[in-house]
Structure formats: C-alpha cells, structure tokens
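Hi,

Here is the structure I said I would pass on. Have a look at it first, and then read my notes below.

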Amino acid sequence: MRTEPLRRARALRALLVACISLLGVVVIVGSGGGSLGFLPCESETVCNNEPVPSPAAGMSPTWYTALVGSPASFTVTTVHVTGSLSYQWQRSSDGGASYADIAGATSATYAIPSVNLADDKTLFRADVRVDGVPTFSVVAFLAVSSVPGVVFRDDEFLAANWLASPVPGDTGALPAHLEESLASGGNPGPFRKMTFQVPAGSGSARVFYSSLPSTYDPAAQGAVYVIDYGEDCIDLPPANPGSTQSSLVIEQGGRRFLSNTFDGCNSSTWRAGMGRASLAPGDFRLFDGPACAAGETCPDFSASAAPMRFGYWRISFGGPGGSIAHGIDNWKVTVWKR
Amino acid sequence: MRPSLNNAQRTASLAALGGLLLSIGLCVYLADRVPGHAMLLPPWPHLGGGALFGVLGQWLPSFVHPFAFSLLTAAALAPRPKPRYGACAAWCAVNAAFEFGQLTQIAAWIDAVLHTSHLPPALTRPLADYFLRGRFDVGDLAALALGSLAAAAVLQLLKEPEADDAH
C-alpha cells in the first residue's frame with residue numbers, strides 16, 4: 001500500500017537531483033569558473049559572446065628551398081594561446097620517421113646560418129609546450145640545391161607575354177574573361193586585372209594563363225629538383241570575396257598540370273606570397289592531355305623530359321552570370337636543380 | 001556535538017546552507033569579476049571589477065561550487081550516507097573535469113569535437129567559450145577539492161546518528 005507514494009517520492013527525488021545537476025553544470029559554464037576567470041577580451045566581438053577562436057600554431061615558412069651556403073630560418077607562431085610557451089626544435093633526416101632534438105634550439109625561431117647538402121630533405125619540427133604541457137607540433141621542410149635557381153617572373157603582365165585559355169563550364173560553355181594590364185594599383189606598380197563571368201548553368205569560371213617566355217627545357221638546362229611558386233593575389237570589385245583560387249600550371253608534352261596548392265585570395269588588399277616552395281612531381285595533378293602511363297612520372301622533372309612552360313590558373317566561384325574580378329602581381333617561378 | 005534534528009530539518013538545513021553558499025559565490029562574481037566576461041555575468045559596468053573578497057575571491061567560487069551543489073544534491077537524495085557522500089565525490093569530479101578541460105591542449109580538442117558535433121550552437125558555443133577562454137589553475141583544483149571535503153564534513157556533522165546503508 002505504501003509502494004505508490006514511495007515510488008512517487010523516488011521519482012521526485014530523481015527529478016530534483018537531475019535539475020540540480022543541470023543547474024550545477026550551467027553555473028560552471030555560465031560563470032566561467034575558476035580563480036583566473038576569463039582571459040582579457042581580444043576584441044570587442046570576443047567579449048560579446050561571439051565564438052572564441054581556437055588556439056593554433058603555425059610554421060613560417062612551411063616549405064623552403066635554399067642554395068648551399070645561404071641562410072634559412074623557420075619561425076613558429078601561435079594564436080589565441082595563453083600561458084608560458086616553450087619550444088624544442090628537432091630534425092629528421094628520414095622523412096619524419098624519427099626526430100632528434102637540436103641542442104640549444106629552444107626559441108620560437110630556428111635559424112641555420114649556412115645550409116649545406118646534408119640539410120637537404122630535412123624536416124624541422126617545433127614542439128611547443130604551453131605551461132609545460134606538450135600542445136602543438138609543427139613541421140617545416142627544407143630542400144637544398146647546390147645550383148642557383150632559374151627564375152621566371154613577371155610583375156608587369158604585358159598582354160603579348162601571356163596566353164589565356166578559358167576552360168568550358170559544366171554545360172560546355174566557355175566563361176567570358178577580360179584581362180587588363182593596369183599601370184598602378186599593384187603590389188606595387190603595374191599588375192594584371194582579370195574579370196570572369198560565370199557561364200550560365202555553371203558555378204565557376206576557370207581560365208589558364210600561360211607565360212609565353214617562361215619555358216624551361218630540362219634536356220638543355222638540366223633535370224629539375226623542385227620548383228618554388230609565388231604570386232600576390234587580390235579580390236577586386238565587383239568581387240565575390242573568397243571566391244577565387246589560384247595555382248601554378250605546368251604545360252609539358254601536350255599535358256597541363258596544376259599544383260595541388262590551391263590558394264584563395266580571400267582579401268580585398270594584396271595578399272602577398274601565395275603559393276608554395278619545394279614543389280615536386282607528386283605535388284601536381286594532370287588537368288588535361290594524354291593520360292599518364294603506369295610508372296610514368298607526371299610531370300617529368302628528369303633530364304630527358306620535354307620542355308615545360310609555366311603559367312597560372314584561376315578559378316572563380318559564383319552564381320551563373322556573375323562577374324568576378326581579381327588581380328595578380330609578382331608572379332614568380334623558381335626552378336631548382338639539384 | 002551533533003545538532004539534534006529530524007530528517008526534514010536536516011534536509012532543509014542542507015538546502016539552506018547550499019543556497020547561502022551559492023549566494024556568496026554569486027556575490028564574488030558580481031563584486032569582484034569583470035562584468036560581461038561570462039555567459040551568466042550581466043555586462044553592467046557599475047558591477048564588478050572590485051576586490052571585495054580580496055585574494056580569497058580568486059578561489060572562492062571554485063570552493064563554493066562543489067560545496068553548495070554537493071549539499072543541494074544531498075538534500076534532494078534519500079537520507080542515506082552513501083549516496084550523499086557520493087554526491088560530494090561526483091561534484092568534485094565534475095568540477096575537476098571542467099578545470100582540466102581548460103588546459104590549452106584539451107580545450108582545443110574539445111573545441112574540435114564540439115565543432116564537428118551536430119549539437120545546437122546554443123549549446124556548443126558557450127561550452128567552447130568556457131574551455132577556450134578559461135584558464136587552468138592548480139589553485140582551483142585545490143579549492144574544489146576542499147569544497148567537496150567541506151560538504152562531506154557538513155554531511156557528517158548533520159548525519160542521523162543511527163543512519164546507515166541498511167535502510
């Protein structure tokens with residue numbers, strides 16, 4: 001006879017405990033908890049209950065190619081991290097299978113005054129501790145060449161030096177594109193402005209640009225070791241912010257290859273240093289042309305390879321019929337031999 | 001010497017003490033903490049930023065929280081020692097887990113998990129804010145352990161003389 005009231009009392013207790021538990025957790029989270037409380041506001045938005053950016057660490061540069069005898073330095077940077085930071089740099093000569101501490105390398109920057117061939121293909125890793133707790137691990141790659149690189153560059157973009165090849169969209173329609181060489185407004189000085197119109201029925205416009213004077217002949221000039229690529233990019237009005245990407249193009253033997261380092265402009269001011277260093281054949285993918293045979297190195301960097309012509313590729317994303325403008329300056333390709 | 005109270009009086013005492021402790025914790029936040037820096041702290045500029053509780057105010061909330069919620073939970077539980085002491089241990093563990101979650105490495109991991117979860121942002125955002133913006137402190141760990149022990153001591157003091165787990 002007493003079972004029902006007892007059951008009710010138990011259910012009430014359970015409900016009460018659940019409510020108190022929930023309230024307890026809400027109070028912990030809602031109060032910020034702890035003696036130190038929250039960090040000082042990084043900006044107005046952070047303290048207006050906007051999402052807090054995650055702590056992160058980065059390496060600069062992540063890839064680097066250096067001439068024997070020249071200096072190299074790598075710097076690790078952290079964002080949104082509090083607490084005391086400590087660093088230990090390590091190096092690996094076996095592709096990252098094992099790392100050894102570098103004696104005395106305990107600051108945010110690790111500098112090598114003069115690289116030598118023993119440093120080639122070395123991975124440098126910074127282990128970052130926050131308040132003594134291992135928190136981040138970031139890696140950089142160093143390639144070393146004994147021969148100065150062959151440089152192709154353009155910061156004037158004369159129309160006669162460039163060939164534009166639009167790529168059909170999803171419906172087969174070619175995007176309309178306009179290229180203008182402007183005398184000022186670059187980074188600094190002249191630059192090239194490109195305006196794409198997204199074809200009907202498509203979500204993007206793609207155009208290849210080939211630099212007519214930028215041809216490297218491995219048979220005559222020697223096998224390629226790695227390639228460094230850099231450019232500056234900007235979104236221009238009428239821009240669709242963050243919608244344009246760029247990458248290096250190699251044309252070789254009737255094939256076109258794109259580097260896998262697609263990088264977005266994402267900026268209404270010049271974004272310098274887009275691209276990547278130490279690009280190897282594995283960092284490219286075939287876009288069009290004859291398929292690569294099994295075992296064939298594509299693109300071919302060997303001394304018996306066909307000449308390669310360099311350029312860049314731009315893809316702009318937007319609604320059908322939309323017009324997207326962007327600019328390029330300081331286009332630079334460096335071909336390194338071993 | 002234990003006070004002579006019946007079960008209802010004991011439960012009411014636990015609840016009242018828990019409520020009083022929570023009020024003290026609230027005062028610390030309203031008087032000594034910078035307004036608007038936490039979800040439940042109103043951004044009223046005339047409140048906060050002082051030092052009413054002095055140095056103690058730094059760790060008082062960490063001490064008070066497990067203390068108060070252990071007592072409130074114990075008050076809601078059946079008047080038996082085992083579950084009531086268990087409440088103290090549970091709140092100690094919960095508070096410690098939230099404190100350890102503020103270690104940068106763990107906070108970043110929790111943030112990544114929350115971002116990839118399908119939970120509503122109204123839930124994940126304050127949680128991510130708590131872990132990412134909060135700072136781990138050993139003093140908090142000590143304070144919350146002391147708070148839990150204090151709650152256990154109060155339970156011991158108010159324990160029914162003949163109470164045991166056989167009930």
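What follows is a short tour of what turned up, going from chain A as a whole to a few details and then to a helix of chain B.

One thing before you start: this is a predicted model.

**Chain A overall**

Chain A has two helices and 21 strands. It runs to 338 residues, and 43% of them count as buried. If you take contacts between residues at least 6 apart in sequence, 72% of those in chain A join residues at least 24 apart. The accessible surface of this chain is about 15,400 Å², with 57% of it belonging to carbon and sulfur atoms.

**Backbone oddities**

Most peptide bonds are trans, and most residues other than glycine have a negative phi. Chain A has some exceptions worth clicking on.

- Ser60(A) and Pro61(A) are joined by a cis peptide bond, with omega near -10°. Pro61(A) sits in the loop between strand 1 and strand 2.
- The bond from Asn187(A) to Pro188(A) is also cis, with omega about -5°. You'll find Pro188(A) in the loop between strand 11 and strand 12.
- Phe157(A) has a positive phi, near 60°. It belongs to the loop between strand 9 and strand 10, and its relative accessibility is 0%, so it counts as buried.
- Asn330(A) has a positive phi too, near 55°, but this residue is within strand 21. Asn330(A) is partly exposed, at 26% relative accessible area.

**Salt bridges**

The count over all chains is eight salt bridges. Here are some from chain A.

Asp120(A) pairs with Arg338(A), their closest N and O atoms being 3.3 Å apart. Asp120(A) is in the loop between strand 6 and strand 7, while Arg338(A) is in the segment after strand 21, so this pair ties together parts 218 residues apart in sequence. Asp120(A) is buried, at 15% relative accessible area, whereas Arg338(A) is partly exposed at 49%.

Strand 20 supplies an arginine to each of the next two. Arg314(A) bridges to Glu231(A), with the closest N and O atoms 2.6 Å apart. That links strand 20 to strand 14, with the two residues 83 apart, and both Arg314(A) and Glu231(A) are buried. Arg309(A) bridges to Glu251(A), at 3.1 Å between the closest N and O atoms. Here Arg309(A) is in strand 20 and Glu251(A) in strand 15, so parts 58 residues apart in sequence are tied together. Arg309(A) is partly exposed, with a relative accessible area of 23%, and Glu251(A) is buried, with 17%.

**Helix 4 of chain B**

This helix has 13 residues and reaches 18 Å from its first C-alpha to its last, close to the 18 Å expected. Which of its residues are buried? They are Thr104(B), Ala107(B), Ile110(B), Asp111(B) and Leu114(B). Looking down the helix axis, these fall within an arc of 125°, so they line one face. Their cover includes strand 7 and strand 8 of chain A, along with helix 5 of chain B. The face turned away from the buried side carries exposed Trp109(B) and Thr116(B).

Trp109(B) also helps make a nonpolar surface patch of about 390 Å², together with Phe100(B), Ile106(B) and Val113(B). Helix 4 of chain B gives the largest share of that patch, three residues. One of the helix 4 residues is Val113(B), which is partly exposed at 39% relative accessible area.

Cheers

Definitions and conventions: Residues are numbered from 1 along each chain as its sequence is written. Chains are lettered from A and ligands numbered from 1 in the order in which they are written. This is a predicted model: local features need pLDDT of at least 70, side-chain atom pairs count only at pLDDT 80 or more; totals for chains, interfaces and linings use all residues. Side-chain values use heavy atoms; hydrogens and water are left out. Patches are made of residues with over 30% relative accessible area and no salt bridge: like charges are joined within 9 Å, nonpolar side chains (Val, Leu, Ile, Met, Phe, Trp, Tyr) within 5 Å. Accessible areas come from the Shrake-Rupley method with a 1.4 Å probe; for residues, only the protein chains shown count as cover. A salt bridge is a side-chain nitrogen of Lys or Arg within 4 Å of a carboxyl oxygen of Asp or Glu. Buried means under 20% relative accessible area, exposed over 50%, partly exposed in between (1.4 Å probe, protein chains only). Contact means heavy atoms within 4.5 Å. The expected span of a helix is 1.5 Å times one less than its number of residues. The arc is that of the directions from the helix axis to the C-beta atoms.
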